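Reader: I've got a model open and I'd like a close look at one part of it. Could you walk me through that part and then show me what sits around it?

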Amino acid sequence: MKKIIGITEMPIAAREKESQKKADENNFSKGGAKLYSYKTQEISCKIGKQNIYGTAFLPETQEKVPLVIYAHELCATHQWGAGYAKELARRGVAVYAFDFRGGSAQSKSDGDTVGMSVMTEADDLDAVMQESAKWDFVDSSRIVLMGASQGGMASAIASARNRERLAGLILLYPALLVRDDVREEFGRIENIPERFNWKGWIMVGKNYAADVWNYDVYKDMKKFEKPVLILHGDKDDVVNFSYSKRAAKSYPNVEFHIISGGSHVFHGEHFSQAVDYILNYLRDLRFFK
């Protein structure tokens, strides 16, 4: 079922008051949901002969718990997901945030940036999903991908490949423009150089552009029928929210919110709003008792 697409608008003071009220009510439930202490644990996954490094945020409980797999932005690391991970772990949801192979110069995973593309990132997610379902603390029937920016694009691809493994999908300002960007930059696939500095951000290889040249992510979205949550700021100057609007029309079962004033990467009040939406979405999936 698709929910109404709208812009979140509320005076700042009222938003802050409401956010605090919700926090005081412990995850919005009338009786107050249990809050957990949590610990972090370094866990590595394998893809072929290469290593994927990540950190798990684990609620302190003996029960199996739901898992959210966080896929980070381009030029970022697993640390960019820590804010969301702490909020979810306190509610009894484990989070695994990892470094894409070649996802940045600071990545602790194997590989280098010249070998990275959105498709190799989707491959990383495939490997993480396969291994994490076997972890003894994970309820494998309740696994959700949460991808931000380019990690959102990779998550959209991986979710279409792994429909039976997942309970849902969360996309934060997903960089669904990658194919448009590389086509605008090079014009023809034959013009892609072996190596190039992408937007002055990161040195990448030919496969970064070639891998998505003929790929239509919106076509694959139609295959994923589990609940999807999309959040995008209307002041995003990196990825226009029109890309997420189109995604909201492509997914069969989607909830889409435009964060008024939100930029690319949510901070402050916009981060708080995003957390609220994420918690409500996960509660609807029965990730909370």
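How many residues lie between strand 8 and strand 9 in the hairpin they form, and which residue in the turn has a positive phi?

Author: Happy to, with the reminder that this is a predicted model. There are 3 residues between strand 8 and strand 9 in that hairpin, and Lys 199 in the turn is the one with a positive phi, about 60 degrees.

Now the two arms. Strand 8 covers residues 195-198, strand 9 covers residues 202-205, and the two run antiparallel, joined by 4 bridges. If you want one pair to click on, take Asn 197, which stands opposite Met 203 in strand 9. Strand 8 also has two faces: Phe 196 and Trp 198 make up the covered one, while Arg 195 and Asn 197 are on the uncovered one.

Follow Trp 198 inward and you get to the largest nonpolar core. That core has 66 residues, and Trp 198 is among those with the most contacts inside it, along with Ile 69, Tyr 96, Leu 125, Tyr 208, Val 217 and Tyr 251. Helix 3, residues 118-132, gives this core its largest share, with 7 residues. There's also a second, separate core of 33 residues, and Val 68, Leu 88, Leu 172 and Val 265 belong to it.

Back at the hairpin, have a look at Trp 201. It is one of the residues closest to the centre of the largest pocket, together with Leu 74, Ser 149, Val 238 and His 264, out of 18 that line the pocket. The volume of that pocket is about 270 Å³. If you're wondering about its chemistry, the lining splits into 12 nonpolar, 3 polar and 3 charged residues.

For comparison, here's another hairpin. Strand 2 and strand 3 form one with 2 residues between them, and in its turn Gly 48 has a positive phi of about 65 degrees. Strand 2 (residues 38-47) and strand 3 run antiparallel and are joined by 10 bridges; Glu 42, for instance, has Thr 55 in strand 3 as its bridge partner. Strand 3, residues 50-59, is mostly covered, with 9 of its 10 residues buried. Strand 3 also pairs with strand 5 (residues 94-98), again in the antiparallel sense, over 4 bridges. There, Phe 57 has Val 95 in strand 5 as its bridge partner.

How values were computed
Residues numbered from 1 in each chain as written. Predicted model: local features only at pLDDT ≥ 70, side-chain atom pairs only at ≥ 80, totals over all residues. Heavy atoms only, no water. Buried < 20%, exposed > 50% of the residue type's maximum accessible area, 1.4 Å probe, protein only. Pairing = 2+ DSSP bridges. Core = buried A, V, L, I, M, F, W, Y, C linked by side-chain atoms within 4.5 Å. 1 Å grid on protein atoms, 1.4 Å probe; cavity = no way out; pocket = protein on both sides within 12 Å on 5 of 7 lines; lining within 4 Å. Points joined across faces, edges and corners; volume = space filled by probe spheres on them. Nonpolar A, V, L, I, M, F, W, Y, C, P; charged D, E, K, R; others polar.
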